[in-house]
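User: I'd like to go through this structure and ask where its labels come from. Can you take me through the reasoning?

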Amino acid sequence: MEGQMKVIIKAEAGEGAELSEMKIPQIGPKDVLVKVLATSICGTDYHIYSWDEWSKKRIKPPYVMGHEFAGEVIEIGKDVTAIKVGDIISAETHIVCGVCDLCTTGNAHICKDTAILGVDTNGTYAEYVAIPESNAWKNPKGIDPAYLAVQEPLGNAVHTVMAGEIIGKTIAVVGCGPIGIMAVAVAKAVSAAKVIAIEVNEYRLDLAGKLGADILINPLEEDPVKRILEETNGLGVDVVAEMSGNALAIQQALKYIKLGGRMSLLGIPTKEVSIDLANDVVFKGITMQGIVGRKMYDTWFQVKGLIESGNLNLEPIITHRLPMEDFKEGFELMKQGNCGKVVLYPNNEILDNFRK
Ligand SMILES: [Zn+2]
Ligand SMILES: [Zn+2]
């Protein structure tokens with residue numbers, strides 16, 4: 001398709017981003033061109049916007065930001081077979097090689113040759129985006145595109161919570177940003193016995209409560225180790241979903257995790273974290289596991305099933321819907337932390353439809 005489109009561009013190394021225009025992308029034989037219906041702001045986008053240490057090393061401006069989205073396919077490459085014009089899709093954002101030993105053994109989410117949509121390639125804060133057919137996830141029709149857009153981070157939450165036994169278990173979700181609150185919702189939906197949410201921001205802690213967390217702990221106000229041991233007859237929690245990346249929070253979690261428990265870590269510490277391996281890991285017989293991305297595509301099927309089950313309450317997760325032009329307001333919300341998911345709409349008609 002020819003023509004110009006509206007985009008949010010990370011124009012240069014430094015803080016911020018700007019509204020701009022560029023050519024609608026051309027697609028290759030195995031790509032699809034998608035009209036973006038809704039695209040949500042990820043923590044990663046906020047890191048890039050604020051130009052933190054990680055971004056300085058990883059991001060090569062100028063490029064179009066954004067990766068969480070839902071859109072309608074409007075053009076397909078000549079070798080595309082599974083996706084049709086008119087399909088409503090979202091995307092697995094890890095673009096992997098498909099041929100290495102990890103990709104061919106069901107571990108594509110840790111492929112060494114991964115490029116990330118909207119990080120290493122032009123992304124979805126745009127009216128149109130081109131993606132490989134192999135990354136397109138076909139959605140059922142008639143679902144709010146905002147819900148479809150957040151499937152990608154929801155997949156992170158599902159991957160973390162479901163990385164081991166969870167039914168009937170007590171779980172602490174440490175850090176209730178958007179993925180943390182989704183982890184609370186997922187744990188409730190799959191029948192965890194008790195969900196404990198730990199978060200320093202009151203707005204987000206309150207949101208965790210709305211999504212069904214049984215116990216809310218603000219670690220700035222009370223000692224989470226003491227409180228959790230009290231709440232669990234001195235035993236501690238079976239599962240820790242670590243979403244904060246905060247060193248102290250991780251050290252505390254190792255004190256209130258039950259003997260033989262599981263700690264699944266998705267949060268990214270900015271530097272090395274010192275832990276008492278002998279006493280807190282070895283002698284407690286716990287399992288610590290790193291969680292990255294979503295299993296391709298096992299996690300996506302779990303996400304789809306959870307949405308279809310009707311057990312997952314997504315509405316409170318999406319706290320703000322804005323025209324794409326108002327992205328700076330969205331990033332300001334992310335900075336303050338007084339939000340769940342912020343969804344941007346490149347097309348105002350779609351947003352207006354929703355508001356009606
Ligand atoms: Zn994301
Ligand atoms: Zn690979």
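Analyst: Here are some labels and the cut-offs behind them. This is a predicted model, where local features need pLDDT of at least 70 and side-chain atom pairs count only at pLDDT 80 or more, while totals for chains, interfaces and linings use all residues. Residues are numbered from 1 along each chain as its sequence is written, chains are lettered from A and ligands numbered from 1 in the order in which they are written, and side-chain values use heavy atoms, with hydrogens and water left out.

User: What makes Cys97, Cys100, Cys103 and Cys111 donors of the zinc ion (ligand 2)?

Analyst: Distance. Donors are N, O and S atoms within 2.8 Å of the metal (3.2 Å for Na, K and Ca), and water is not among the atoms, so sites may look incomplete. The SG atoms of these four cysteines lie 2.3 to 2.4 Å from the zinc ion, so they qualify. Along the chain they follow the spacing C-x2-C-x2-C-x7-C.

User: Why is the site of the zinc ion (ligand 2) called tetrahedral?

Analyst: Four donors count as tetrahedral if all angles lie between 85 and 135 degrees. Here the angles among the four donor atoms are 105 to 117 degrees, so the label fits. For reference, the ideal tetrahedral angle is 109.5 degrees.

User: Why does Leu259 count as exposed?

Analyst: Buried means under 20% relative accessible area, exposed over 50%, and partly exposed in between (1.4 Å probe, protein chains only). Leu259 has 62% relative accessibility, so it lands in the exposed class. This residue is in strand E15. Cys100 and Cys103, on the other hand, are both buried.

User: What makes H4 oblique to H5?

Analyst: Helix H4 (residues 151–161) and helix H5 (residues 178–189) pack at about 55 degrees, their axes 8 Å apart. Angles under 35 degrees count as roughly parallel, over 145 as roughly antiparallel, 65 to 115 as roughly perpendicular and the rest as oblique. That leaves H4 oblique to H5.

User: How do you know that E3 pairs with strand E18?

Analyst: Two strands pair if DSSP finds at least two bridges between them. Two bridges join E3 to E18 (residues 341–345), running antiparallel, so the pair makes the cut. Ser40 stands opposite Val343 in E18. E3 also has eight bridges to strand E5 (residues 68–76), again antiparallel.

User: Why is strand E3 described as largely enclosed?

Analyst: Eight of the ten residues of E3 (residues 31–40) are buried, so the rest of the structure largely encloses this strand.

Definitions and conventions:
Four donors count as tetrahedral if all angles lie between 85 and 135 degrees; four count as square planar and six as octahedral if opposite donors are over 155 degrees apart and all others between 65 and 115; anything else is irregular. Axes are lines fitted to C-alpha atoms, for helices over the stretch in contact, and angles run from 0 to 180 degrees between N-to-C directions. Helices (H or I, at least four residues) and strands (E, at least two) are DSSP runs, numbered from the N terminus.
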